[in-house]
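Visitor: I would like to go through this model and ask what the labels on it rest on.
Guide: Here is the entry.

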Amino acid sequence: MGEKTVETSFKAPVVLLGLGAMGTALARAWLAAGHPLTVWNRTAARAEPLAAEGAAVAATVAEAVAAGRLVVVCLLDDDSVEQALDGVELAGKDLVNLVTSTPGRARARAAWAEARGARYLDGGIMAVPPMIGAPAAGAYVFYSGSGELFEEYREVLAVPAGARYVGADAGYAALHDVALLSGMYGMFAGIAHAFALVRGEAVRPGDLAPLLGSWLTAMAGSVERTAEQLESGDYMGGVVSNLAMQVAGKETLLRTAEEQGVSVELLTPYFRLMEHRLALGSGAEDLTGVVDLLRR
Ligand code: NDP
């Protein structure tokens with residue numbers, strides 16, 4: 001007689017508050033991985049498709065939170081989290097906040113949750129919704145706060161996207177998240193300026209795009225040199241394009257913008273900092289000294 005093998009692997013229940021674009025993507029990933037899922041959303045109609053896919057739908061936040069120990073929050077912003085959880089019993093719960101926050105708000109929420117008897121983990125999602133539940137997309141979430149909570153639920157948290165723990169300080173996930181996003185917006189500013197320069201010329205944006213993309217990718221390697229210089233305190237190590245040369249060269253960029261009828265408003269703040277650093281006698285250094293000028 002052949003023996004039957006029975007699938008007994010336990011899948012931790014997940015409670016999810018918030019079914020916007022991101023929350024819905026998270027919900028689908030946990031459902032697809034077989035986790036029992038209870039969802040709540042302010043606008044109840046958004047939960048209907050997920051109910052059809054196997055999620056239990058709670059009518060209130062309190063009812064949802066009562067349905068499981070691991071409670072994941074993916075609402076719009078800090079204020080919506082505070083409103084939604086106001087007065088809800090959290091003792092014994094493991095609260096994971098995935099709302100984009102500041103380090104200060106995340107630390108305050110950790111203290112607030114711990115005072116209510118909950119363990120707290122804060123998260124910063126480095127992905128857009130289509131990258132969730134698609135391992136090849138390389139999405140991940142920074143987590144910080146309770147290391148015990150993270151270790152206990154590491155596999156559950158890794159279902160929608162990779163999970164990277166960055167420290168017991170609950171503010172560190174937000175700090176890492178915002179550091180990466182801030183770098184990204186600097187890059188977006190450069191991209192906007194580059195396309196503006198060729199607009200109106202016989203240069204197709206589609207032809208510039210691969211050139212600009214590969215140039216930015218090559219230049220992104222400078223983050224490693226910047227980090228080494230910040231750690232050693234020696235801003236002259238491995239310098240290939242010194243500050244004095246770059247300050248002299250910026251005139252060409254500004255004049256080209258003028259010739260092309262393009263505003264220099266995205267370039268000048270950075271150039272001003274370079275000039276300031278040069279005036280301090282740092283012409284032989286790399287651009288790393290700008291970091292110190294930004295610290296207040
Ligand atoms: P959406 O705007 O799609 O959804 C917002 C969600 O918050 C909805 O469920 C909405 O409910 C709910 N909500 C808003 N205000 C309140 C409130 N006062 N009380 C209760 N619920 C409220 O946002 P996303 O899902 O895209 O984003 C969610 C979080 O994920 C944000 O913090 C965002 O920064 C973060 N994130 C998003 C990314 C993205 O690309 N989408 C990328 C990385 C992080 P209702 O349906 O009733 O309006």
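The exchange below deals with the contacts of the ligand, the nonpolar cores and the domains of this predicted model.

Visitor: What makes the pair between Leu 19 and the ligand a polar contact?
Guide: A polar backbone atom of Leu 19 is 3.3 Å from an oxygen atom of the ligand. The cut-off for N or O atoms is 3.5 Å, so the pair counts as a polar contact.

Visitor: How do you know that Arg 42 and Gln 83 make polar contacts with the ligand?
Guide: An N or O atom in the side chain of Arg 42 lies 2.9 Å from a ligand oxygen. For Gln 83, a polar side-chain atom is 2.9 Å from a ligand nitrogen. Polar contacts are pairs within 3.5 Å, so both pairs qualify. The protein buries 77% of the 900 Å² that the ligand exposes when taken alone.

Visitor: Which residues are closest to the ligand?
Guide: Met 22, Asn 41, Thr 43, Arg 46 and Thr 100 are the closest of the 22 residues that surround the ligand.

Visitor: Why is Leu 16 called a member of a nonpolar core?
Guide: Core members are buried, which means under 20% relative accessible area, and are joined through side-chain atoms within 4.5 Å. Leu 16 belongs to the largest such core, of 34 residues, and is named with Val 96 and Ile 132 as touching the most other members. Helix H1 gives the largest share of this core, 7 residues. A second, separate core has 22 residues, including Val 15 and Leu 75.

Visitor: Where do the domains lie?
Guide: Domain 1 covers 14–175 and domain 2 covers 221–294. Their centres, taken over C-alpha atoms, are 40 Å apart.

How values were computed:
Residues are numbered from 1 along each chain as its sequence is written. This is a predicted model: local features need pLDDT of at least 70, side-chain atom pairs count only at pLDDT 80 or more; totals for chains, interfaces and linings use all residues. Side-chain values use heavy atoms; hydrogens and water are left out. Buried means under 20% relative accessible area, exposed over 50%, partly exposed in between (1.4 Å probe, protein chains only). Helices (H or I, at least four residues) and strands (E, at least two) are DSSP runs, numbered from the N terminus. Domain bounds come from an automatic or database domain assignment. A residue is near a molecule or strand if one of its heavy atoms lies within 4 Å of it. A polar contact is a pair of N or O atoms within 3.5 Å; within protein, one must be able to donate a hydrogen and the other to accept it, and residues adjacent in sequence count only if both atoms are side-chain atoms. Accessible areas come from the Shrake-Rupley method with a 1.4 Å probe; for residues, only the protein chains shown count as cover.
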